[in-house]
Amino acid sequence: MQREWLLALIPLTIGVVFLGFGAYGLRRAAALRRGGVTAEGRIVRHDVRRDHEGATYHHPVAAWTARDGRACEYASRLGRGSVARAFRVGACVTVRYDPRDPRRCAIQGWDAPTVDRVFTAVGALLTAGTPAVLLVRLFTL
């Protein structure tokens, strides 16, 4: 039983981390929906990143002018393997940003909260499920 308790720390830790990342993303998206303003932007380039297996991910970079006249630029935190026509370089996009801190923003249509919802669900399942499995195991010995 001693070893099982130690092994249970692995999914529990992963669950807490996933839950934290997901909740942070969902709170960020909700704050932008409530207090953010929109602006017309343009995709100026794509930051291309490769993972350790060689897969390529495109992160569009949108540029716009904030209401106070500041020029802003934002690289999406979400990358995709392919780029739809609506997000190619030169495409007009709608950007929702925090007027107090334009670095907090999202490209509408690209930065969907779906990834954050998945992280939250998987994190909650692992975080709540691991102790539940351990309790059942403890009481059935």
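**Why the labels hold: burial, charge pairs and rings**

Colleague: Why does Arg-103 count as exposed?
Modeller: In this predicted model, Arg-103 has 68% relative accessibility. Exposed means over 50%. Arg-103 therefore counts as exposed.

Colleague: Arg-103 has a salt bridge with Asp-101. What makes the pair a salt bridge?
Modeller: The closest N and O atoms of Asp-101 and Arg-103 are 3.0 Å apart. The cut-off is 4 Å, from a side-chain nitrogen of Lys or Arg to a carboxyl oxygen of Asp or Glu. The pair is within that cut-off, so the name applies.

Colleague: Is Asp-101 buried or exposed?
Modeller: Buried, with a relative accessible area of 16%. The limit for buried is under 20%.

Colleague: Which residues share a network with Asp-101 and Arg-103?
Modeller: Asp-98, Arg-100 and Arg-104. Salt bridges with shared partners join these residues to Asp-101 and Arg-103.

Colleague: How many salt bridges does a search of the whole structure find?
Modeller: Eight. One of them joins Asp-47 and Arg-45, with 3.4 Å from N to O. That is also within 4 Å, so the label stands.

Colleague: Why is Asp-47 called partly exposed?
Modeller: The relative accessible area of Asp-47 is 22%. Buried needs under 20% and exposed needs over 50%, so Asp-47 falls in between. Arg-45, at 36%, is partly exposed too.

Colleague: What links Asp-116 and Arg-77?
Modeller: A salt bridge, with the closest N and O atoms 2.8 Å apart. Asp-116 lies in helix H2 (residues 114–139), while Arg-77 is in the loop between strand S3 (71–75) and strand S4 (92–98). The two are 39 residues apart in sequence, so the pair ties together separate parts of the chain.

Colleague: What makes that link a polar contact as well?
Modeller: The side chains of Asp-116 and Arg-77 make the contact at 2.8 Å. The limit for a polar contact is 3.5 Å between N or O atoms, so this distance fits.

Colleague: How do you know which of these two residues is buried?
Modeller: Asp-116 has 4% relative accessibility and counts as buried. Arg-77 is at 43% and counts as partly exposed. Around Asp-116, the contacts include Phe-21, Gly-22, Gly-25 and Leu-26, leaving aside residues up to four places away in sequence.

Colleague: Now the rings. How many aromatic pairs does the structure hold?
Modeller: Three. Among them is Trp-64 with Tyr-97, 5.6 Å centre to centre and 40° between the planes.

Colleague: Why is the pair of Trp-64 and Tyr-97 called tilted?
Modeller: Stacked needs under 30 degrees and edge-to-face needs over 60. An angle of 40° meets neither, so the pair is tilted. Trp-64 is in strand S2 (residues 56–65) and Tyr-97 in strand S4, 33 residues apart. Both are buried.

Colleague: What makes the pair of Phe-87 and Trp-110 edge-to-face?
Modeller: Their planes are 70° apart, with 5.2 Å centre to centre. That angle is over 60 degrees, so edge-to-face is the right term. Phe-87 lies in the loop between S3 and S4, and Trp-110 in the loop between strand S5 (101–107) and H2.

Colleague: Are Phe-87 and Trp-110 buried or exposed?
Modeller: Phe-87 is buried at 10%. Trp-110 is buried at 1%.

Colleague: What sits over the ring of Trp-110?
Modeller: The charged end of Arg-80, 4.1 Å from the ring centre. The distance limit is 6 Å.

How values were computed: Residues numbered from 1 in each chain as written. Predicted model: local features only at pLDDT ≥ 70, side-chain atom pairs only at ≥ 80, totals over all residues. Heavy atoms only, no water. Buried < 20%, exposed > 50% of the residue type's maximum accessible area, 1.4 Å probe, protein only. Helix = DSSP H or I, 4+ residues; strand = E, 2+ residues; numbered from the N terminus. Polar contact = N/O pair within 3.5 Å; in protein donor to acceptor, adjacent residues only side chain to side chain. Contact = heavy atoms within 4.5 Å. Phe/Tyr/Trp six-rings, centres within 6.5 Å; stacked < 30°, edge-to-face > 60°. Lys NZ or Arg CZ within 6 Å of the ring centre and 35° of its normal.
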